[in-house]
Each structure stands twice: as C-alpha cells, then as structure tokens.
Amino acid sequence: MLRCPNCNSKDIGKIGSHQFYCWGCFIELTVNGDKMSVYQVEEDGTLSSLDDLFFPEEEMPQVHAN
C-alpha cells in the first residue's frame, strides 16, 4: 500500500496512470517504476517539485504501488 512520504497517510487517491494525490496534506505524487517524485500543487494549478526536501539525491526511495 502506498503511503504519503510527507504525512504518512494512506488516504491516497489515484488521479492518473502514475499519479496520486494525498488527501491528508494535499500533495501530488508521481510513481515511475521504483522512483517517486513529490509535488506541491500551487494556487494556479502548476506543480512545484519537493523532491529535494524529501529525497536527497543519493537516497531515492524504493516504491511498491499495488
């Protein structure tokens, strides 16, 4: 089961083939293979990457989405 890396919530909705949305903290997650990217949704609908806050370059998380 996918958990939010920010708030650890399981309340994750699927919004695309590899895109998810956390209803706990309102961030968007993209899962591509074993790489996860985290984005903040801005007021105008654009996405700002939060990867540098969550995943140091040398420590990318292993993701297993069911």
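**Figure 1. The hairpin of β2 and β3 in the predicted model.** In this predicted model, β2 and β3 form a hairpin in which 4 residues lie between the two strands. The strands run antiparallel and are joined by 3 bridges, and within this pairing Tyr 21 of the hairpin stands opposite Glu 28 in β3. Phe 26 is found in the loop between β2 and β3, and its phi is near 65°, a positive value in a residue other than glycine. Most residues other than glycine have a negative phi. Is Phe 26 buried, partly exposed or exposed? Phe 26 counts as partly exposed, because its relative accessibility is 49% and the partly exposed class lies between 20% and 50%.

**Figure 2. Trp 23 in the loop between β2 and β3.** Trp 23 lies in the loop that links β2, residues 19-22, to β3, residues 27-32. With a relative accessible area of 51%, Trp 23 is exposed, since the exposed class begins over 50%. Which residues does Trp 23 contact once its neighbours within four places in sequence are left aside? They are Asp 11 and Gly 13. Trp 23 can also be placed relative to Cys 7, from which it is 16 residues apart in sequence and 9.9 Å apart in space, taken from C-alpha to C-alpha.

**Figure 3. The hairpin of β3 and β4.** A hairpin is also formed by β3 and β4, with 2 residues between them, and Gly 33 in its turn has a positive phi of about 70°. Strand β4 comprises residues 35-41 and runs antiparallel to β3, to which it is joined by 6 bridges. Two of the facing positions can be followed by eye: Thr 30 stands opposite Ser 37 in β4, and Ile 27 stands opposite Gln 40 in β4.

**Figure 4. The sheet as a whole.** The 5 strands make an open sheet in the order β1-β2-β3-β4-β5, with antiparallel pairing. At the edges stand β1, residues 12-14, and β5, residues 47-49; each has a single partner strand, so one side of each is left without a neighbour in the sheet. From one strand to the next, the twist averages 35°. The secondary structure of the protein comes to 1 helix and 5 strands, and, read from the N terminus on, its elements run β-β-β-β-β-α.

**Figure 5. The largest nonpolar core.** In soluble globular proteins, nonpolar side chains tend to be buried together. In this model the largest nonpolar core has 13 residues, and those with the most contacts inside it are Ile 12, Ile 27, Leu 29, Met 36 and Val 38. The elements that give two or more residues to this core are β2, β3 and β4. Which element gives the most to this core? It is β3, with 3 residues. Leu 29 can serve as a point of orientation here: leaving aside its neighbours within four places in sequence, its contacts include Pro 5, Ile 12, His 18, Gln 19 and Phe 20, and also Met 36, Ser 37 and Val 38.

**Figure 6. Asn 8 and Ser 9 in the segment before β1.** Both residues of this view belong to the segment before β1, as is stated for Asn 8 and likewise for Ser 9. Asn 8 counts as partly exposed, at 46% relative accessibility, whereas Ser 9 is buried, with a relative accessible area of 17%, because buried means under 20%. The phi of Asn 8 is near 65°, a positive value in a residue other than glycine. Asn 8 and Gly 24 are 16 residues apart in sequence and, from C-alpha to C-alpha, 8.6 Å apart in space. A polar atom of the Ser 9 side chain lies 2.9 Å from the backbone nitrogen of Asp 11. Beyond its neighbours within four places in sequence, Ser 9 is in contact with Leu 2, Arg 3, Cys 4 and Cys 22.

**Figure 7. Surface and contacts of the protein.** Of the 66 residues of the protein, 32% count as buried. The protein exposes about 4600 Å², of which carbon and sulfur atoms supply 47%. Among contacts with a separation of 6 or more, 19% are accounted for by residues 24 or more positions apart.

Notes
Residues are numbered from 1 along each chain as its sequence is written. This is a predicted model: local features need pLDDT of at least 70, side-chain atom pairs count only at pLDDT 80 or more; totals for chains, interfaces and linings use all residues. Side-chain values use heavy atoms; hydrogens and water are left out. Buried means under 20% relative accessible area, exposed over 50%, partly exposed in between (1.4 Å probe, protein chains only). Contact means heavy atoms within 4.5 Å. Two strands pair if DSSP finds at least two bridges between them. Axes are lines fitted to C-alpha atoms, for helices over the stretch in contact, and angles run from 0 to 180 degrees between N-to-C directions. A nonpolar core is a set of buried Ala, Val, Leu, Ile, Met, Phe, Trp, Tyr and Cys residues joined through side-chain atoms within 4.5 Å. A polar contact is a pair of N or O atoms within 3.5 Å; within protein, one must be able to donate a hydrogen and the other to accept it, and residues adjacent in sequence count only if both atoms are side-chain atoms. Accessible areas come from the Shrake-Rupley method with a 1.4 Å probe; for residues, only the protein chains shown count as cover.
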